[in-house]
Amino acid sequence: MKFFVDTADIVEIRDLAATGLLDGVTTNPSLVAKTGRRFVDLVAEICAVVPGPVSAEVAATDHATMLAEGRRLASIAGNVAVKVPLTPDGLKTCRALSDAGTMVNVTLCFSAVQALMAAKAGATFISPFVGRLDDIGHDGMQLIGDILEIYANYPALQTEVLVASIRHPCHVHAAAKLGAHVGTMPPAVIRQLFKHPLTDKGLDAFLADWAKSGQTILEDQPELRSA
Ligand code: E4P
């Protein structure tokens with residue numbers, strides 16, 4: 001499963017990109033607004049840090065303006081995936097951009113038939129929001145299973161399922177078991193994925209025992225030792 005980070009914070013993006021585990025970035029208008037940055041400059045900077053797909057969302061709701069905005073965003077860098085909402089105008093825009101060779105992420109998906117329509121419109125990614133469904137008492141992960149099952153019935157569909165609105169590592173675990181193509185996660189959730197109390201406990205014990213041995217692996221290269 002590909003790991004995308006769901007943030008517009010360039011400091012977080014740089015930090016996570018350094019792990020070598022980051023396959024892409026998703027942003028949305030709320031995340032961009034929080035940064036106070038000029039959108040096109042921010043997208044350019046993110047695209048230079050992360051070579052994988054970087055989702056940048058249109059702000060218009062009518063097809064003509066969405067298409068113009070989508071083309072402007074796509075002109076920023078070759079790895080921009082234009083994000084459009086799952087509306088009739090959004091899917092019309094998806095088709096036009098996709099036919100022109102631009103990656104498109106169709107966002108705000110809450111049903112499997114919506115996902116089927118996005119795939120028919122040539123979406124590169126479909127973004128079902130699992131956390132927001134859980135919030136209203138539905139089963140977000142059930143939707144992921146349904147979409148994957150429907151897409152598997154039609155092998156000609158190339159759309160990747162990008163699990164969005166992930167709130168915790170259990171969502172990542174469940175999405176990976178279902179075979180979702182991508183998960184986009186807030187930075188804090190990516191960091192949580194590294195954690196296990198037995199990893200910390202085991203490491204502490206190994207380090208304590210190693211210290212007792214009095215040895216150092218870099219005995220011939222002291223300049224390479226951490227401070
Ligand atoms: C995805 O592209 C969205 O930006 C995001 O996952 C929404 O998450 P939220 O429901 O936590 O705002």
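For these entries I count a residue as being around the ligand if one of its heavy atoms lies within 4 Å of it, and I keep in mind that the model I am reading is predicted.

Entry one, the ligand shell. With that cut-off I looked up the neighbours of the ligand and found Asp6, Thr26, Asn28, Lys83, Phe129, Arg132, Ala164, Ser165 and Arg167. Sorted by class, this shell holds four charged, three polar and two nonpolar residues.

Entry two, polar contacts. I then went through side-chain atoms facing ligand oxygens, and noted for Lys83 a polar side-chain atom 2.6 Å from an oxygen atom of the ligand. For Asn28, an N or O atom of the side chain is 2.7 Å from a ligand oxygen, and for Ser165 I wrote down 2.7 Å between a side-chain N or O atom and an oxygen atom of the ligand. Taken alone the ligand exposes 340 Å², of which the protein buries 85%.

Entry three, the pocket. I checked where the ligand is placed, and it sits in the largest pocket, which holds about 270 Å³ of space. I recorded 16 lining residues for this pocket, with Asp6, Asn28, Leu31, Arg132 and Ser165 lying nearest its centre. By class, the lining of the largest pocket divides into seven polar, five nonpolar and four charged residues.

Terms used. Residues are numbered from 1 along each chain as its sequence is written. This is a predicted model: local features need pLDDT of at least 70, side-chain atom pairs count only at pLDDT 80 or more; totals for chains, interfaces and linings use all residues. Side-chain values use heavy atoms; hydrogens and water are left out. On a 1 Å grid over the protein atoms alone, a cavity is a set of points where a 1.4 Å probe fits but cannot get out, and a pocket is an open set with protein on both sides within 12 Å along at least five of seven lines; lining residues have an atom within 4 Å of a point. Grid points are joined across faces, edges and corners, and a volume is the space filled by probe spheres set on the points. Ala, Val, Leu, Ile, Met, Phe, Trp, Tyr, Cys and Pro count as nonpolar, Asp, Glu, Lys and Arg as charged, and the others, Gly among them, as polar. A polar contact is a pair of N or O atoms within 3.5 Å; within protein, one must be able to donate a hydrogen and the other to accept it, and residues adjacent in sequence count only if both atoms are side-chain atoms. Accessible areas come from the Shrake-Rupley method with a 1.4 Å probe; for residues, only the protein chains shown count as cover. A molecule sits in a cavity or pocket if more than half of its atoms lie within 2 Å of its grid points.
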